[in-house]
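Student: I would like a close look at a single part of this model. Please take me through the place where protein and DNA meet, and then set it in its surroundings.

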Protein chains: 2
Amino acid sequence: MKLQQLRFLAAVAQTDLNLTAAAAKLHTTQPAVSKQLKLLEEELGVSIFVRNGRAFTKITPAGERVVMYALRLLREAQNIKGVSQEFKDEEQGALSIGTTHTQARYVLPAVIRQFREKYPDVEFHLHQGALEHLAEMAQLDRIDFAIATGSQDLFRKCVLLPCYQWHRRIIVPADHPLAHVKQPQLEELAAHPLVTYVFSFTGPSSLQETFAAAGLRPKVALTARDSDVIKTYVRLGLGVGIVAELALDPKDDADLVSIEAAHLFPVHTTWIGFARGGLLRRYMYDFIHLMAPHLTRRVVDLAAVCGSQEEVNALFANIQLPVR
Amino acid sequence: MKLQQLRFLAAVAQTDLNLTAAAAKLHTTQPAVSKQLKLLEEELGVSIFVRNGRAFTKITPAGERVVMYALRLLREAQNIKGVSQEFKDEEQGALSIGTTHTQARYVLPAVIRQFREKYPDVEFHLHQGALEHLAEMAQLDRIDFAIATGSQDLFRKCVLLPCYQWHRRIIVPADHPLAHVKQPQLEELAAHPLVTYVFSFTGPSSLQETFAAAGLRPKVALTARDSDVIKTYVRLGLGVGIVAELALDPKDDADLVSIEAAHLFPVHTTWIGFARGGLLRRYMYDFIHLMAPHLTRRVVDLAAVCGSQEEVNALFANIQLPVR
DNA sequence: TACAGTTACGGACCGCGTAAGCATA
DNA sequence: TATGCTTACGCGGTCCGTAACTGTA
């Protein structure tokens, strides 16, 4: 059993069992992968893949378990390399972050600016994408951190730490009937077509449910993944916008009237997640700390050794998170 | 970075940094180890060992961490092999158990007889030793299970599951003054020299403390690791014996008078421990179940995913254990 | 002088890449 | 015919064992 064989195995398992594609990703040739997988299976004495003729159709039950342990093994290998580089140079390395539009656009710029000042030699990668996209990248270890809001279910292999909370605000053009209502009720809101986030309609704290609980069925004019898109369509008069408070800029959005909505909708929590069992470099701790001052190294370590996300949540149950 | 290099590293770290000895244990030559370690250090870019001239004197801080991850990696490698064999043949493999005298002599024979009937093809190894000895073997992954009573502190890397509880009994020759006392008090006991286990004098539930709490300082004639030794010296009239109830055989020990002592001393719990993160084969689950019927596969799995021994203990806090 | 680690060197092995073969859609 | 896995083969690298060397008790 060689490390490389396990790397091959992991790549194939993560590439829909396509050896050719896996080989390309591994910067090697397809016969090499083919042969090593066969050797590995021979050595272990079990079939890892179900072959239909020459095609790899699926993974056997034994294979599932082998792949699981192989992934954990490879993570430890990563940890060894990571800890070595940590001791070689604490301020060099790479940091890949996956996040959603709102964070990337409104929150992270300030954080990243500070981070880059402190660690100019750390290579920084920012990937923006939908939640499902982020979950997949986290799963494949393509990103060190995922930063997002809402549903934790997709990130089963990650430790998710709450960073801060935020409220929604209602935005309308200055000439809109709601523009002068200070504390609109759900009924008033439901009378107008809405423009809001796609993700606001999934998960436990969805708008849908809030309205439904009040016996209302709002009309949705448009959903977007992107606050700027929502603002644009609100400006066009398409409907009443519901956006994150932190996505509103006093200057740039001065033409829109924004109305408090904290009394209508539940609060949202933005979290940062990293692979359970992954090594955190010093600059990674620092990045987390920049994102959320209450997440000190000690707190992060405490959460990292938790066996499940429920434990982590319990850890933060009584903590007052910053609101932005 | 090669698997072999990590195996070499682990062996050296576990052999007092003696390359020659490590090489012997690995069935290879010393220059091979020497070279691979050097290559590993070069690749990682950190010194793992502190060299004094040519002698390896200690492990660097970076080395400590690397070794830690390497051990975890090697465990996953073991798991891969284990799970493969599990699928090849559920009833073949090996089981190494380390335990103390009392368990080996009075409890395990029945368990092992049943186990061997069920799994005749599993190679069975039983190692008897002192608690510290067992802890070391567990640390080095030389045994799959450790079975012992009392102090859990030495087994930090293990998950310890409570199996059953037992009380001490007092044993005296038939002509001893205490022979006719039904419920002796600590004062009466302290009036005679005692013969008991060495380990009874360490840990939180020690005899020492029980007597001290009553303001007494008993005279100890002899301590042994072995119930049979204690009985022998009690027969010789050396003193009053305090032994585990389960070490008394109605037939063989008919010449001794045994007296209830549950009212005097706290109860003892015998546990079975295995490496956290280690793979449990089917026959291993079955062995545990034979040891303690309440430890079903489900319960064991539940405990195995706990992050700390405290969690495990909490899991069993409300369980009524069998007493033997 | 015994012991422990390093250096040097030759041979065996192994893993990769190229190229040709062979199924399936 | 195109795609994708397998087999065959040769090259280059690597790892190990032997042996000679070096520093230390």
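What follows is one walk through the DNA contacts and the parts around them.

Tutor: Keep in mind that this is a predicted model. We take DNA strand D, then DNA strand C, then the protein around them.

Start with DNA strand D. It is surrounded by 19 residues. The closest are A:Thr20, A:Gln30, A:Ser34, A:Arg54 and B:Thr28. That list draws on chain A and chain B. Which part of the strand faces the protein? Of the atoms of DNA strand D that come within 4 Å of the protein, 71% are sugar and phosphate.

Now the individual contacts. B:Thr28 puts a side-chain N or O atom 2.6 Å from a phosphate oxygen of DNA strand D. A:Lys38 does so at 3.0 Å, again with an N or O atom of its side chain and a phosphate oxygen of this strand. B:Arg54 reaches a base instead: a polar atom of its side chain lies 3.1 Å from a base oxygen of DNA strand D.

Which helices build this surface? H2 and H3 of chain A each supply at least two residues, and so do helix H1 (3-13) and helix H3 (30-44) of chain B. H3(A) gives the most, with 4 residues. By type, the residues near DNA strand D are 6 nonpolar, 8 polar and 5 charged.

Turn to DNA strand C. Here, too, 19 residues lie around the strand. A:Thr28, A:Arg54, B:Gln30, B:Ser34 and B:Arg54 come nearest. Sugar or phosphate makes up 67% of the atoms of DNA strand C within 4 Å of the protein, and bases make up the rest.

Three contacts to phosphate oxygens of DNA strand C deserve a look. A:Lys2 has a polar side-chain atom 3.1 Å from one. A:Gln36 has an N or O atom of its side chain 3.4 Å from one. B:Leu19 uses its backbone: a backbone N or O atom lies 3.2 Å from a phosphate oxygen of this strand. The elements giving two or more residues to the surface near DNA strand C are H1 and H3 of chain A, with helix H2 (19-25) and H3 of chain B. H3(B) has the largest share, 4 residues. The residues near DNA strand C divide into 6 nonpolar, 8 polar and 5 charged.

How are the two chains related? A turn of 180 degrees, with a shift of 0.0 Å along the axis, lays chain B on chain A with an RMSD of 0.1 Å. That is the relation of a two-fold axis. Within chain B, the residue that comes closest to the axis is B:Leu73, with its C-alpha at 2.4 Å. The copies meet through the same surface, because 100% of the interface residues of chain B are also interface residues in chain A.

Next, look at the loops between the first helices of chain A. Most residues other than glycine have a negative phi. A:Asp16 is not a glycine, yet its phi is positive, at about 55 degrees. A:Asp16 sits in the loop between helix H1 (3-13) and helix H2 (19-25) of chain A. A:His27 also has a positive phi of about 55 degrees, and it is not a glycine either. A:His27 lies in the loop between H2 and helix H3 (30-44) of chain A. Are these residues buried or exposed? A:Asp16 has 72% relative accessibility, so it counts as exposed. A:His27 is exposed as well, with a relative accessible area of 75%.

Now widen the view. The domain assignment divides chain A into domain 1 (3-85), domain 2 (92-165 + 268-315) and domain 3 (168-260). The C-alpha centres of domain 1 and domain 3 of chain A lie 48 Å apart.

Two further places show the protein interior. In helix H10 (residues 282-291) of chain A, 7 of the 10 residues are buried, so this helix is largely enclosed by the rest of the structure. Among the buried residues of H10(A) are A:Tyr283, A:Phe287 and A:Met291. In chain B, B:Thr210 is found in helix H8 (residues 207-213). B:Thr210 is buried, with a relative accessible area of 16%. Leaving aside residues up to four places away in sequence, B:Thr210 touches B:Leu186, B:Leu264, B:Phe265 and B:Pro266.

Methods: Residues numbered from 1 in each chain as written. Chains lettered and ligands numbered in written order. Predicted model: local features only at pLDDT ≥ 70, side-chain atom pairs only at ≥ 80, totals over all residues. Heavy atoms only, no water. Least-squares fit on C-alpha atoms with pLDDT ≥ 70 in both. Contact = heavy atoms within 4.5 Å. Domains from an automatic or database assignment. Buried < 20%, exposed > 50% of the residue type's maximum accessible area, 1.4 Å probe, protein only. Near = heavy atom within 4 Å. Polar contact = N/O pair within 3.5 Å; in protein donor to acceptor, adjacent residues only side chain to side chain. Nonpolar A, V, L, I, M, F, W, Y, C, P; charged D, E, K, R; others polar.
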